[in-house]
Amino acid sequence: MLLVSSSGMVLLTGRSCSLSEAYVMAAGTALVYDGEMINHKLLWEDPDCNLEVPERLSSCYGCLQHYNLIERCISVSAREGTESEIMLIHSKDYVEIVKSTEKMGKEELQKVSAEYDAVYFHPTTYRCAKLAVGATLQLVDAVMSGKTRNGLTLIRPPGHHSQRSAANGFCIFNNVAIAAKYAQRKYGLQRVLIVDWDVHHGQGIQYAFDDDPSVLYFSWHRFEHQNFWPCLSESNYDAVGQGKGKGFTINLPWNQIGMGNSDYLAAFLHVLLPIAFEFDPELVLISAGYDSGIGDPEGQMKATPECFSHLTHFLMNLANGKLCAVLEGGYHLRSLSESVCMTLKALLGDPLPPLSGEMMPCLSARESIQNVRAAHKPYWKCLTYEDVTPVQDLSTTSCQAEKAELTQSNVELLSPQEVGKGDVNEVIKTDRFLETHMKSILSLKPPIKTAVAVDESGTQLLPPTVHIPKGLDMEEFKTTISAFHVKNMKEAALKSHLNMLAVLNKIIKKEVINGLAVSSTPSLSSAIAVAHCRNWKVEKILCVFVGDMDRKIELDDDKVLLINICAKHSEQVNTKHNISLNWKEVGS
């Protein structure tokens, strides 16, 4: 990507990036974990609860060890949440019921569990649930106090389904909802964003803040026209909150399975992020459920682990980077653990791996996104001028065809001996895929992330990890430069173009990820940069120019997308690959 401004700054990057990354790495990332939470387990056979196993936690921690991520984090100890903290969301009577399970035998535990939907209790459940709450609040304290910039807490039991007086869907205490209330009370926060990317609707969080405009709750979830658990009408796109909270509940229902990276990114880019930036949160809490990832038996979706690093990176640009990720669901152990690692790597500021797959969201995803935007148009300025109307005739009134298609595609990847063996082979197949996939996306790691072309007087201000190109030679860039009239150019101007090309070369050759150069003739620099990329057979180029361009860029193929944000109307005709966005200058 090329980002050029009329002030003469040229940002060159091979991926999206922000200045917050360096700040995040400098401030540190917290990891909260306590192995005692593994003790919570199912003591009897229950097909509704068999998925929520202790290995969910141990596999995540083991994967973090494998990638050497634990030693890079600031370790924060878990503690028990107090009863008063838990009662920020839950009733005293309900807390007493959970507390009483500590002294129950198996039969009593089974009887109490049966009173709730998809829940089990163990003699250690109360202790583990208090640890889950306390670990989450410890992370909030670490981030809000400035001890760390962001962080991740690995906990169980999860929380986003639990309600004021009821356990629900494996969830005992609503960890994230409690954290939001706690942050408001202790730190005086006025705006908290909760992003729930678990594949199930977190109705417990929604109920807690349905009429509260100080908490913006976003959830995407498998819905299938209200046929997927928890099968609630209030999980649909038209449930936008109550009273003063109208517009502050954003439900994005997935009406078919198989949603992938492009669908998830489209949901962020076209729904969540515009509203979130307008909301301007002071803290971001992620209900980080990874049953929305590939291979998960509950979600049956196709998002690969690196997708969650990109989603995390987007959210790091909100609330000055104050972000707490809290584990929720995820039931394919390899998919879960790899996705957790990718989330943590993003929090640490590691380079984002390329996203796999097509980048066009499917029709069903586009319909859901359109309906959510239409439902929220009355409440948000960013949607005010959008021509969005609800989609009445949905393409996915039934999900059976899509389920059959997904099942068939899974079977095709199995050997003849494996076909018909059921869920075990689905796990094995996904394990095999992830083994190869993770190696491919993590294999290329440039030792230096950034190249900068600056005057010698500014080099002492740069960290040692920044590369500064030296020994520039006109001959090296003769093919590119010869197409432009540079013979009579002043030496300083010519040098700035050579500097820019040197930085660009480092990116094209994948020696660095991004770079910065300064030019006194930004329009010419952008034209030279685009030409150089073409000479190097770069497949796709995005050029964003902020300011009035005084030079035409050739757009005779579909390799270049030019976006010009300017005061004057561009001389180049608006086309699919040339987009001119004009602003009207306002006098002081």
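Okay, so let's start with the sheet: eight strands, open, running in the order β4-β3-β5-β10-β9-β6-β7-β8, and the pairing is parallel. At the edges you've got β4, residues 74-76, and β8, residues 249-254, and each of those pairs on one side only. Go from strand to neighbouring strand and the average turn is 15 degrees, ignoring direction. Quick reminder before I go on: this is a predicted model.

Let's zoom in on one pair. Strand β5, residues 150-154, and strand β10, residues 323-327, are joined in the parallel sense over 4 bridges. If you want one to click on, take Asn-150: its bridge partner in β10 is Leu-323. Now, what packs on the sheet here, touching β3, β5 and β10? That's helix α2. Its direction makes about 135 degrees with that of β5, and β3, in case you're looking for it, covers 29-33.

Stay on α2, which spans residues 55-66, because I want to show you Cys-60, and that's where it sits. So, is Cys-60 buried or exposed? Buried: the relative accessible area comes out at 0%, and the cut-off for calling a residue buried is under 20%.

Who's around it, then? Skip the neighbours within four places in sequence, and Cys-60 is in contact with Leu-154, Leu-336, Ser-337 and Val-340. There's also a long-range pair to look at: Cys-60 and Arg-334 are 274 residues apart along the chain, yet their C-alpha atoms are separated by 8.3 Å.

So that's the tour: the parallel sheet, α2 packed on it, and Cys-60 buried in that helix. Happy to rotate the view if anyone wants another look.

Conventions. Residues are numbered from 1 along each chain as its sequence is written. This is a predicted model: local features need pLDDT of at least 70, side-chain atom pairs count only at pLDDT 80 or more; totals for chains, interfaces and linings use all residues. Side-chain values use heavy atoms; hydrogens and water are left out. Helices (H or I, at least four residues) and strands (E, at least two) are DSSP runs, numbered from the N terminus. Buried means under 20% relative accessible area, exposed over 50%, partly exposed in between (1.4 Å probe, protein chains only). Contact means heavy atoms within 4.5 Å. Two strands pair if DSSP finds at least two bridges between them. Axes are lines fitted to C-alpha atoms, for helices over the stretch in contact, and angles run from 0 to 180 degrees between N-to-C directions.
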